[in-house]
Amino acid sequence: MSVDVQERNRLSAAVVGESAPDYKRKFSLPQYYYTSPELYRKEMEFLRSKLWLMAAHESQIPKNGDFKLFEIDGESIILCRDLQGDVHAFYNVCRHRGSPVCVTNEGNAKAFSCPYHSWTFMLDGTLKRPRAMDASFDPKEWNLKAAHLGNLDGLLFVCLAKGEAPSFEEFAGRIRPFISQYGLTKAKPVYVQDDLIVTNWKLPLENYRENYHISSVHQDLGRVMGAAMDHSNGESHAERMSRLGRSLPMVYDEAESLYLQQAIQFAFGKDQVSATQDGSAASSLMPTITEWSKGWTYINFNPLSHINLQDDYAIMVFFTPVSETVTKTSMVFLVNEDAVEGKDLDVKKLIDLYVVTMAEDNVVLGRHQKGIESGAYEPAPLALEEDQIVLFHDWYFNRVHGVPTA
Ligand code: FES
Ligand code: FE
């Protein structure tokens, strides 16, 4: 990497010290924002303590004893369902000497037995009395540590704050009416995809927030999004949503907000009912949807956690930092739990548009990080269609660094 390390350290130390010496508003960020370990640590402290991070959907651990791991920034969280059916989130760290107690990504277990010295933790986190401990040892004091857990219609969120977490209701409250329209508590996953890409975590979400690249990168998505609106039957999308009792005022947060949330209802193009290659349905209607709205709902819970809801499926989109130059992008596709492949569900058709789009984005993002790491890279003016990146930068400097830019 051709970078003056001393200069990078000086500048990133200044940002860590809460000024932004060479950031120019409406420009792309300087190189070290995408490479500096010091800045990355500061960002992660913020993400861990202040954000509720979408981690999974409850239907991914449907049976008692089911578990799956959610990993972010070197931290591993066990999401599991105990024998009473209650869902928990625990730090995957043995209370004996710190080994991970769960070493498989997902599965079903009666308990978590640490592979090092076999301390055994029940699914509710309680420690069974380990062998060969002093009589004064009290197992009740050494249960697994719980992470803060929030549940929005089965969408599981964790917060890694050491002390009290921010209010989950304040985080989820304004988005709940949008989510509740779709009946996600009766959904099931049909496809999950995780990709590790060599890129700083801010690049995927900057990319997600702009349509400027669609005509050059996403032929299929461009065609689907470019379809002309249907006004032929005399009912606009707004009128249809109102008739269906589904109109909601949009959520559109500004840079000073806690979470930079957005929730917006959009119309599809003429003859489209879903986000598929040909615009036709790929599954039966979601549990609480009774009529095709010919539209979809776009939701950002925070810059890392997103969900798009069509009338026949939902897609959860996650951008998860692994290190300053590695990020995991993930998608979970949910449908009505009663949908049956081959009858009223076509999984290949359902996932194709997003799988193609994500693959195209991941290639572009890997290249982009490489280019930014060149000694020739310098910040440049953003295009008008990249205004959502400017909004993200304003929020980022406000919330992460305490430096208002706007
Ligand atoms: Fe887990 Fe020793 S570290 S039992
Ligand atoms: Fe894209």
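The radius of gyration here is taken over C-alpha atoms, and the globule rule is 2.2 Å times the number of residues to the power 0.38. I start there because the rule gives a value near 22 Å for a compact globule of 406 residues, and this protein has 23 Å, which agrees. Please keep in mind that this is a predicted model.

Some overall figures, then. Taken along the principal axes, the C-alpha atoms fill a box of roughly 80 × 60 × 35 Å. The protein has 10 helices and 16 strands. Of its 406 residues, 37% count as buried. Among contacts with a separation of 6 or more, 66% are between residues 24 or more positions apart.

Now to the strands, beginning with β14, β15 and β16. β15 covers residues 314-323, and 8 of its 10 residues are buried, so I would call this strand mostly covered by the cut-off of 20 or more other C-beta atoms within 10 Å. What does β15 pair with? On one hand there is β14, residues 305-309, which runs antiparallel to β15 and is joined to it by 5 bridges. A hairpin of 4 residues makes the connection from β14 to β15. Within this pair, Leu309 stands opposite Ala314 of β15.

On the other hand there is β16, residues 326-336, which pairs with β15 in the antiparallel sense over 9 bridges. These two strands also form a hairpin, with 2 residues between them. If you want a place to look, find Ile315: its bridge partner in β16 is Phe333.

Next, a sheet of 4 strands. This sheet is open, its order is β4-β3-β2-β5, and the pairing is antiparallel. Which strands stand at the edges? They are β4 and β5, the latter at 106-108; each has a single partner strand, so one side of each is left without a neighbour in the sheet. On average, neighbouring strands here are turned by 25 degrees against each other, direction ignored. β3 and β4 run antiparallel and are joined by 5 bridges. In that pair, Ile78 stands opposite Phe90 in β4.

Between β3 (75-81) and β4 (87-91) there is a loop, and Gly85 lies in it. Is Gly85 buried or exposed? A residue counts as exposed with 12 or fewer other C-beta atoms within 10 Å. Gly85 has 9 C-beta neighbours inside 10 Å, and therefore counts as exposed. For a sense of distance, take Gly85 and Asp194: they are 109 residues apart in sequence, and their C-alpha atoms are 27 Å apart in space.

The last item is a sheet of 3 strands, again open and with antiparallel pairing, in the order β1-β9-β8. Here β1 (53-57) and β8 (148-152) are at the edges; because each has a single partner strand, one side of each has no neighbour in the sheet. Neighbouring strands of this sheet are turned by 30 degrees against each other on average, direction ignored. β9, residues 155-159, runs antiparallel to β8, and 5 bridges join the two. Leu152 has Leu155 in β9 as its bridge partner.

To recap two points: β15 has antiparallel pairing with β14 and with β16, and the radius of gyration of 23 Å agrees with the value for a compact globule. That is what I have for today.

Definitions and conventions: Residues numbered from 1 in each chain as written. Chains lettered and ligands numbered in written order. Predicted model: local features only at pLDDT ≥ 70, side-chain atom pairs only at ≥ 80, totals over all residues. Pairing = 2+ DSSP bridges. Axes fitted to C-alpha atoms, helices over the stretch in contact; angles between N-to-C directions. Contact = placed C-beta atoms within 7 Å.
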